[in-house]
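The following exercises concern a single protein chain. Each task is followed by a solution in steps.

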Amino acid sequence: MTALLEIQSLKKYFPVHSGVFQKVVAQVRAVDDVSFSIKKGEILGLVGESGCGKTTLGRMTLRLIEPTGGKVLFEGQDILQFDKKAMNLIRPRMQIIFQDPYSSLNPRFTVKQILGESMLVHGQATRQDLTEKVEALMTRVGLSPEYQNRYPHEFSGGQRQRVGIARALALNPHYIVCDEPVSALDVSIQAQIINLLMELQADLNLTLLFISHDLNVVKHLSNRTAVMYLGRVVELAPTLKLNEHAAHPYTRALLAARPNLDPRQRKRNAPLPGEVPSPMNPPSGCHFHPRCPEAMGHCRTETPKMVALDEDHFVHCHLYT
């Protein structure tokens, strides 16, 4: 299976300004040298604590945020080299579902306007057939076409997220970034949205980058999972293998901390010591070493290289070098 998206040594440093002349005094290393690929038709889960750089990474793959360095290869082409005209031509194939289904929708637009605007702009619909296409799109995501003249505030949270999903599908994309699309919803609604995404992915052969902090959701949805900590991917493996044979101490800590409703399978695990370091001043060597129960001397000074534990299981940790 060929890679639809490949990122190489991707970085994003946000400058910190201070003083009267607003000089750059530091940099926030939101994403720090990340590389991986997503195969066509695959769902890749991206997990980690809040503030680890997941959303920044996802948006950089779409060039909604301009990277500081690295490459983003989409269908074999480095989109970071594209000018505005070339990006406008490729935009329909790359879409995003935002976390907040309310703030991401224009409150002055009806559902028909929200879904139809992009189709008109990119020439995928005319004024004559727009209503028909909007109705088909709403039906596809489980919304009644009768609601097309309603405004976002007239919908529930789950219905608004369905509108957001329909907007992402409007241009028949190949790749969609799902930026924590269920974290703002009730648990029962979460299940409906997840099942909808899985159904759409299977029917349309979509490639998804699913960003979440809920490992149970990612386990249910994704084919492979990448674990991020403080701007770096520390482990990447097929989801089932990661859940059963996690290699990195941080991944094991995340898995141990997830809630489990079965009292027979609950474990008492001590939380990770310390606080998440600031990305403005990350620790030297392995970023995780101040909180790692298995840290060694050279973890403090040497950045761990990628180690292949198996043909599809990769980890950045000195324990395996």
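Two strands pair if DSSP finds at least two bridges between them. Helices (H or I, at least four residues) and strands (E, at least two) are DSSP runs, numbered from the N terminus. This is a predicted model, in which local features need pLDDT of at least 70, side-chain atom pairs count only at pLDDT 80 or more, and totals for chains, interfaces and linings use all residues. Residues are numbered from 1 along each chain as its sequence is written, and side-chain values use heavy atoms, with hydrogens and water left out.

**Exercise 1. Follow the antiparallel sheet through L73.**

Step 1. Establish the strand order. Four strands form an open sheet in the order 2-1-4-5, with antiparallel pairing. Strand 2 (23–39) and strand 5 (77–78) each have a single partner strand, so one side of each is left without a neighbour in the sheet.

Step 2. Locate the partners of L73. Strand 1 (residues 3–18) pairs with strand 4 over five bridges, and E6 stands opposite L73 in strand 4. Strand 4 is also joined to strand 5, by two bridges; here the bridge partner of L73 is D78.

Step 3. Examine the turn. The hairpin of strand 4 and strand 5 has two residues between the strands, and E75 takes a positive phi near 55° there.

**Exercise 2. Locate two further residues with positive phi, and state whether each is buried or exposed.**

Step 1. Fix the cut-offs. Buried means under 20% relative accessible area, exposed over 50%, and partly exposed in between (1.4 Å probe, protein chains only).

Step 2. Consider R63. This residue is not a glycine, yet has a positive phi of about 60°. R63 lies in the loop between helix 1 (54–60) and strand 4 (69–74). Its relative accessible area is 15%, so R63 is buried.

Step 3. Consider N205. Here phi is positive at about 55°, again in a residue that is not a glycine. N205 belongs to the loop between helix 6 (187–204) and strand 8 (207–211). Because its relative accessible area is 44%, N205 is partly exposed.

**Exercise 3. Describe the mixed sheet and the helices that pack on it.**

Step 1. Read the order. Eight strands form an open sheet in the order 6-7-8-3-9-10-12-11, and the pairing is mixed. Strand 6 (94–97) and strand 11 (306–310) are the edge strands, each pairing on one side only. From one strand to the next, the twist averages 20°.

Step 2. Take one pair. Strand 7 (residues 175–179) and strand 8 run parallel and are joined by five bridges. Within this pair, Y175 stands opposite T207 in strand 8.

Step 3. Add the helices. Contact means heavy atoms within 4.5 Å. Axes are lines fitted to C-alpha atoms, for helices over the stretch in contact, and angles run from 0 to 180 degrees between N-to-C directions. Helix 5 (residues 157–169) packs on the sheet and touches strand 6 and strand 7, its direction making about 175° with that of strand 6. Helix 9 (residues 249–257) also packs on the sheet, touching strand 9 (224–229) and strand 10 (232–238); its direction makes about 105° with that of strand 9.

**Exercise 4. Check the length of helix 5 and account for its cover.**

Step 1. Compute the expected span, which is 1.5 Å times one less than the number of residues. The 13 residues of helix 5 should therefore span 18 Å, and the end C-alpha atoms are 19 Å apart, which agrees.

Step 2. Assess burial. Eleven of the 13 residues of helix 5 are buried, among them G158, V163, I165 and L169.

Step 3. Identify the cover. The buried residues of helix 5 are covered by elements including strand 6, helix 3 (111–121), helix 4 (130–140), strand 7 and helix 6.

Step 4. Inspect one residue of helix 4. L137 is found in this helix and, with a relative accessible area of 12%, is buried. Leaving aside residues up to four places away in sequence, L137 touches L115, A166, L169 and A170.

**Exercise 5. Test the overall dimensions against the globule rule.**

Step 1. State the rule: 2.2 Å times the number of residues to the power 0.38, with the radius of gyration taken over C-alpha atoms.

Step 2. Apply it. For 321 residues, a compact globule would have a radius of gyration near 20 Å; the protein has 21 Å, which agrees.

Step 3. Complete the description. The secondary structure comes to nine helices and twelve strands, and buried residues make up 47% of the 321 residues.
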